[in-house]
Amino acid sequence: MPRLTVAVTGGIGAGKSLVTALLSAWGARTVSADALAREVVAAGSPGLAAVVAQFGPQMLTPTGELDRPALARLVFSDPAQRAQLEAITHPLIHRCFTQIRATTPADQVLVYEIPLLAEVGDRRDFDHVVVVEAEPQVCVQRLTKRGLTPEQARQRMATQADPQARRLLADTVIDNSGTMEHTRAQVERLWRRLETLNVQAELGQ
């Protein structure tokens, strides 16, 4: 189990994946909650069976996989439906992360990219929390490049925690509104701090 477990969180489009990738390049073991979320509802999984039981067979593609666009249209327009989905998937995702954490070497920093830490996570699971932020208009621009309309982007952003609620959890805030070089410099400083914290944890300080 690692001595240091780090959460990277932030709103949709803020750049969590970029920060996580940079930390990986510097030596961290990284895990994505979104990747685990896809894993727990893979075709034939108990998670997918539970989703279908809750929301109906129309959530399946003809090949028996989760119809993600259909599910997204449903849950992002109805908070009650979204809560029902989270009640199914979040315990499964947490179980996967717990297993990964148990197999991570003590000397390796474990970084968990978890978008919804402020909404449904537990701050006590982490030794250090990194909040990634970007200006709302920047997030909308990034999301439209991924194929969302501006209205869909704003709708998804509106379902998430207020930025101030995230900052209350933060040990480090990364501003990802600007250039790659600006973000990279901030993450490099963060990594040096995490290395120091990891050594201090080893020494019991």
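In which strand is Val-173 found? Val-173 belongs to strand S5, which covers residues 172-175, and this report, which concerns a predicted model, returns to that strand after an account of the chain as a whole.

## The chain as a whole

The protein chain contains 10 helices and 5 strands. Its radius of gyration is 18 Å, which agrees with the value near 17 Å that a compact globule of 205 residues would have, and along its principal axes the C-alpha trace spans about 55 × 40 × 30 Å. Of the contacts between residues at least 6 apart in sequence, 75% join residues that are at least 24 apart.

Buried residues account for 40% of the 205 residues, while the chain exposes about 10700 Å², of which carbon and sulfur atoms supply 53%. The side chains include 22 positive and 22 negative ones, and the centres of these two sets lie 2 Å apart.

## Strand S1 and its partners

Strand S1, made up of residues 5-10, is mostly covered, with 6 of its 6 residues buried. Thr-5, Ala-7 and Thr-9 point one way from S1, whereas Val-6, Val-8 and Gly-10 point the other way, and the residues of both sets are buried.

S1 pairs with two strands that lie later in the sequence: it runs parallel to strand S3 (residues 110-113), to which 4 bridges join it, and it also pairs in the parallel sense with strand S4 (residues 128-133), over 5 bridges. On the S3 side, Val-6 stands opposite Val-111, and on the S4 side, Val-132 is the bridge partner of Gly-10.

## Strand S5 and Val-173

The pairing continues from S4 to S5, since these two strands are joined in the parallel sense over 4 bridges, with Thr-172 in S5 serving as the bridge partner of Val-130. S5 has two contrasting faces, a covered one formed by Thr-172 and Ile-174 and an uncovered one formed by Val-173 and Asp-175.

Is Val-173, on that uncovered face, buried, partly exposed or exposed? Val-173 has a relative accessible area of 38% and is therefore partly exposed, because that class lies between the limit for buried residues, under 20%, and the limit for exposed ones, over 50%. Leaving aside residues up to four places away in sequence, Val-173 touches Val-131, Glu-133 and Gln-186. Val-120 is 53 residues from Val-173 in sequence, and the C-alpha atoms of the two are 20 Å apart in space.

## The loops on either side of helix H3

Ala-43 is placed in the loop between helix H2 (33-40) and helix H3 (46-55). Apart from residues up to four places away in sequence, Ala-43 touches Leu-48, Gly-64 and Glu-65, and its C-alpha atom is separated by 7.0 Å from that of Leu-66, a residue 23 positions away along the chain.

Met-59 sits in the loop between H3 and helix H4 (68-75). Its relative accessibility is 5%, so Met-59 counts as buried, the limit for that class being under 20%. With residues up to four places away in sequence again left out, Met-59 touches Glu-65, Leu-66 and Asp-67, as well as Ala-70, Leu-71 and Leu-74. For one of these residues, Ala-70, which is 11 residues from Met-59 along the chain, the separation between the C-alpha atoms is 6.3 Å. Glu-65 is a contact of Met-59 and also a contact of Ala-43.

Technical notes
Residues are numbered from 1 along each chain as its sequence is written. This is a predicted model: local features need pLDDT of at least 70, side-chain atom pairs count only at pLDDT 80 or more; totals for chains, interfaces and linings use all residues. Side-chain values use heavy atoms; hydrogens and water are left out. The radius of gyration is taken over C-alpha atoms; the globule rule is 2.2 Å times the number of residues to the power 0.38. Buried means under 20% relative accessible area, exposed over 50%, partly exposed in between (1.4 Å probe, protein chains only). Contact means heavy atoms within 4.5 Å. Accessible areas come from the Shrake-Rupley method with a 1.4 Å probe; for residues, only the protein chains shown count as cover. Lys and Arg count as positive and Asp and Glu as negative; His and the chain ends are not counted. The place of a charge is taken as NZ of Lys, CZ of Arg, CG of Asp or CD of Glu. Two strands pair if DSSP finds at least two bridges between them.
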